[in-house]
Amino acid sequence: MYLGLDLGTSGLRALLVDAGGAIIGAAERACTVQHPHSGWSEQDPAEWIAACEGALGELKARHPAELSALKGIGLSGHMHGAVLLDANGGVLRSCILWNDTRSAVEAAELDATPGFREISGNIVFPGFTAPKLSWLAKHEPETFAKVAKVLLPKDYLRLWLTGEIAGDMSDCAGTSWLDVGARDWSAELLEKSGMRRDQMPDLVEGSEVAGMLRPALTSEWGISGPCVVVGGGGDNAVAACGVGCFTEGDGFVSLGTSGVVLAAKGSFAPDPASAVHTFCHAIPGTWYQMGVILAATDCMNWLSGNLGKSPAELSGLLGNQIAGPGAVRFLPYLSGERTPHNDSRIRGAFTGLEIATDHAALTQAVMEGVGFALRDNYEALKGTGTDLSRVLAIGGGSRSRYWVELIATLLHIPVDLPEAGDFGAALGAARLAMVGHTGAAPADIMTRPQVAETIEPRADLAEAYETAFAQYRALYPALKALNP
């Protein structure tokens, strides 16, 4: 048996699978996010431990015999977060999360420093880890002086599981301290941002064994023998392992809290100016590129909360097929934006509202706005030389056939929907554990899911959506003028 632990922003998911990859059981626990000031986003790492204990307690109660045969654990986690430990391993403050924008000034300063883009292969975004520490040095110097180790969220969970301080290439690629091409910490980038190598975790590949499950937890969960814990990775890299996306030409669209267009790459070929992320993959010797929007299903959740209807109810107002763009435009910048604008200050907007605008029109505008933003991402990826002939759709938003058909039409490529099942980061984490424990080749374990349906682009509506996309693109400069 193998366990995948996916630490997401809103909670932890634990997935137990057998040696053939069949799902035995799953458990989830929620986590909360604090927003003490505008643009701030924090989480208490103690919640992650409590969530893991709760989820494993549930799996033990429901599947005791299967859990006792556990041989490996893989980890996935939301990237860029800064977990700060003192010399005794104690947590110094709440974790500053990936969607926190307080360090925009510090990010711009680091980004303008020679070497950062060239070595890391990426713009220094405000959400990345390095500018968070620069902000801490300026605004919380007493805490900064006590920092002995900086861990990413899932690596703090690993520390609790194993007692080992380690990080993996894919997650650490989003810190702005890693030489992403060389897959190692950069002494130059660390020095230029006021950090030291001894404050960083040791590095392993995603499928490499990073430690053993602590005996106390082995006993508590009723596990009969030794259990390895592998490196794991950042959430999107591990999700790519869950859908077999790790060779050149493979790609997916993720409609989760954030939105992602991801393409696997066989070599390191960055283009930082495009605001495309170029990171190490969780598989050795591979990389990936992705465009990211900070709010995808988050936009639907926001609309749902304001209209008093569930996202499913709102989506149901539109049916299963697109019929052309609406009259209302929505810019989905509720938390700022990354690709292609790299703008942490920009905020969202509706345009074209009228007295007849109803819940269906607002829902259509939100879905189209997210779709247009993903098209922006895809255009940025194409500008780096990426060529995708089709993509797989994953994430909660992919349950809306309307949304998927819209995205297929906007991207001008077919979108595959996998058969019912769990093909997310939790499965990818379990697959990494399988590779680490058995030594199997990744291609033998990380197979692509069976496709239940392929959604083709609507050629009859392509021109109408191109016109609407051009209108959408013209709105950003106007909105930027109001949010300089």
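This report describes the nonpolar cores, one helix and one loop residue of a predicted model.

## Basis of the model

Residues are numbered from 1 along each chain as its sequence is written, and side-chain values use heavy atoms, leaving out hydrogens and water. Because the model is predicted, local features need pLDDT of at least 70 and side-chain atom pairs count only at pLDDT 80 or more, while totals for chains, interfaces and linings use all residues.

## Nonpolar cores

The largest nonpolar core (buried Ala, Val, Leu, Ile, Met, Phe, Trp, Tyr and Cys residues joined through side-chain atoms within 4.5 Å; buried means under 20% relative accessible area, exposed over 50%, partly exposed in between, with a 1.4 Å probe and protein chains only) has 107 residues. Leu 5 and Trp 221 touch the most other members. Helix α16 (residues 425–438) gives this core its largest share, nine residues; helices (H or I, at least four residues) and strands (E, at least two) are DSSP runs numbered from the N terminus.

A second, separate core holds 53 residues, including Ala 295, Cys 299, Leu 318 and Trp 403.

## Helix α18

Helix α18 (residues 462–482) has 21 residues and should span 30 Å (1.5 Å times one less than its number of residues); its end C-alpha atoms lie 31 Å apart, which agrees. Its buried residues are Tyr 465, Ala 468, Phe 469, Tyr 472, Tyr 476 and Leu 479.

## Asp 18

Asp 18 lies in the loop between β2 (11–17) and β3 (23–30). Its relative accessibility is 22%, so Asp 18 counts as partly exposed. Asp 18 and Met 1 are 17 residues apart in sequence, yet 4.5 Å apart in space, C-alpha to C-alpha.
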